[in-house]
Every structure is written in C-alpha cells, then in structure tokens.
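Student: I've got a model open and I'd like to go through the reasoning behind the labels people put on it. Can you take me through it?

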Amino acid sequence: MEAEKMAKLTYFHGRGRAELIRLTLSACNIEFSDEFLYESKEYLKLIDDGKLLFKQLPLLEIDGRNLVQSGAIVRYLGRKGGLCGKNEDETVQIDMLYEGGRDFMSSVLPIGFRPEAEVLAEAKSKFLPKYMPLFEKVAAANGTGYLVGNSMTLADLSLLEPLLSYVEYFGSEIFNDYPALKKLYETLTSLDTISAFLKGPHRQRKNDEKYISDVKIVLAR
Ligand SMILES: N[C@@H](CCC(=O)N[C@@H](CS)C(=O)NCC(=O)O)C(=O)O
C-alpha cells in the first residue's frame, strides 16, 4: 500500500492507550504504521496542524480523518471490521463488555507510573478476583470461545488486552479456575490476525521507564 494512504497511528513508544488500537487494527487486517513521539515539538506541531482535538494522543490518521479518543477510534475500526455485533442486542452487550474490559485493563495500566510491585499486588488481590469470575460467567454462558455470538468482537479484544498483560505478569495459571476464559484466550490468540500481531513489530514492549520518560518529555509544554 502507498505510504500516504496507509493508516498512521501516533503515540509514544509503548503500549499505553494505543495498544488496543494496534490490536484492533491488526484484528481488522488494516495495514498501519506506528509513529512514535519523543520530543515536545513533534507533539506541538500536531496541535498546530489541528490534528489533536483534545490536545491528546493517541491519534489515528485514517481514511482522510484525524481520529482521537481511543474508544472512538476502536469503535470506528470495529464498525469497519464488523466487530460490533449483528443486531442491537449484540451491539449493546458488546459495548457493556467492552467498557468492563477497559476497567479491567485500567488495573494494570498504571504500571510505569506507580511501582510495578505495588500495581501487581493490587491487580492480583483485588482486580483479578473481581473481573475473572464476571467474564467467566459470560464466556461460559455463550460457550463459543467468544464473549458474544460466534465470532470475534470488540468485547473480546477489550478483554484480551488485560488477559495478555495478566498472563505476561502471572503466567497462564490465572486461568486455573476459569475454563471458559482459557478457551476464549486460546481461541483469540490462535486467530491468524491476532497471533501475527503478537509476534510482529506492532506489539509494543511493556510500559517501561523509557516510555514514561518519553511521555513526560513530550507532554512538557
Ligand atoms: N480519553 C483519551 C485520553 C487520552 C490521554 O489522556 N492521552 C494522554 C497521553 S496517554 C495525553 O495526551 N495527555 C495530554 C493531555 O491530556 O493534555 C483517550 O482515551 O484517548
């Protein structure tokens, strides 16, 4: 694809609020480039160019549009890729589960901003026991390896992001009491698009100290 027609995602060199967008672009088979910001002046230029409605990142340039707000971006992509359900019942169910998945993810997103050991202790004692049984119930009731219907939706992708992080931090024993979530995790990570994403260049490293210092440098205005 010609470079100027390819979707371009601008964020910091890390996961943060951009990783679910990367995952969704990949799930929808949309080619894109990752643009990383390291300096304030690059960020200020995007503001001067009128690309950042709320002066915030991530920014996705796609189809001649400058999209901001990570949730709006993911939904835009989800509608393009048929990941938002087949009818209103499915769509609203997907939306609720999507938001629950984001809440679950917010339990590990502070990694980098707060001491890792502290975040992980809280994640394990508080968030894992809170969210895993809730999602297990939904996955088991649906029984297809997906949360809603019989194919991947934004609900699955939103849940997959925290599951990937939790497996990375605690290993696959997080699924010990949750067979339906184990099946969902295996189903999703075996899909060609998702497994290619996980092995490929768009999957970012954990939000480490370099990422945090870039965020601070870029956002220092
Ligand atoms: N609701 C927004 C929040 C985006 C956000 O807070 N981005 C941070 C970087 S992770 C930012 O650009 N902060 C600068 C600011 O708020 O002025 C989204 O989900 O995209």
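Tutor: Let's begin with the rings: in this predicted model, ring pairs tie Phe104, Tyr131, Phe135, Tyr166 and Phe170 together into a cluster.

Student: How many aromatic pairs are there by this rule?

Tutor: The count comes to 9 aromatic pairs. One of them is tyrosine 166 with phenylalanine 170, at 5.8 Å centre to centre and 35° between the planes.

Student: What makes tyrosine 166 and phenylalanine 170 a pair, and why is the pair called tilted?

Tutor: Ring centres have to lie within 6.5 Å, and these two are at 5.8 Å, so they pair. Stacked needs planes under 30 degrees apart and edge-to-face needs over 60; 35° fits neither, so the pair counts as tilted.

Student: Where do these two sit along the chain, and how many residues apart are they?

Tutor: Both belong to helix 6 (residues 154-170), and being 4 residues apart there puts about one helical turn between them. Tyrosine 166 is buried, and phenylalanine 170 is buried too.

Student: Why is helix 1 described as largely enclosed?

Tutor: Buried means under 20% relative accessible area. In helix 1 (residues 19-27), 9 of the 9 residues are buried, so the rest of the structure largely encloses the helix. The buried set includes charged-looking names on your sequence such as Glu19 and Arg22, along with Leu20 and Ile21. After helix 1 comes asparagine 29, with a positive phi near 60°.

Student: And lysine 216, buried or exposed?

Tutor: Exposed: its relative accessible area is 56%, and the cut-off is over 50%. Lysine 216 lies in helix 9 (residues 209-219). Its C-alpha is 9.5 Å from that of tyrosine 38, although 178 residues separate lysine 216 and tyrosine 38 in sequence.

Student: On to the sheet. What makes strand 2 and strand 4 edge strands?

Tutor: The sheet is open, with 4 strands in the order 2-1-3-4 and mixed pairing. Strand 2 (32-36) and strand 4 (65-68) each have a single partner strand, so one side of each has no neighbour in the sheet. On average, neighbouring strands are turned by 20° against each other, direction ignored.

Student: How do you know that strand 1 and strand 3 are paired?

Tutor: Pairing takes at least two bridges. Strand 1 (residues 7-11) and strand 3 (residues 59-62) are joined by 3, so they qualify, and they run antiparallel. Leucine 9 stands opposite leucine 60 in strand 3.

Student: What lies across strand 3 and strand 4?

Tutor: Helix 3 (residues 70-80) does, running at about 125° to strand 4.

Student: How is the chain divided into domains?

Tutor: Domain 1 is made of 3-81 + 198-218, and domain 2 is 88-190. Their C-alpha centres lie 22 Å apart, and 17 residues of domain 1 are in contact with 19 residues of domain 2.

Student: What does UniProt place at residues 5-85?

Tutor: An unreviewed UniProt entry puts "domain: GST N-terminal" there. That span is 36% helix and 22% strand, with its end C-alpha atoms 28 Å apart. UniProt's "domain: GST C-terminal", also from an unreviewed entry, covers residues 87-212. Residues 87-212 are 68% helix and 0% strand, and their end C-alpha atoms lie 41 Å apart.

Key. Residues are numbered from 1 along each chain as its sequence is written. This is a predicted model: local features need pLDDT of at least 70, side-chain atom pairs count only at pLDDT 80 or more; totals for chains, interfaces and linings use all residues. Side-chain values use heavy atoms; hydrogens and water are left out. Buried means under 20% relative accessible area, exposed over 50%, partly exposed in between (1.4 Å probe, protein chains only). Rings of Phe, Tyr and Trp (its six-membered ring) pair if their centres lie within 6.5 Å; planes under 30 degrees apart count as stacked, over 60 as edge-to-face and the rest as tilted. UniProt positions are given in the numbering used here, feature names are shortened, and annotations may be inferred rather than shown by experiment. Axes are lines fitted to C-alpha atoms, for helices over the stretch in contact, and angles run from 0 to 180 degrees between N-to-C directions. Contact means heavy atoms within 4.5 Å. Domain bounds come from an automatic or database domain assignment.
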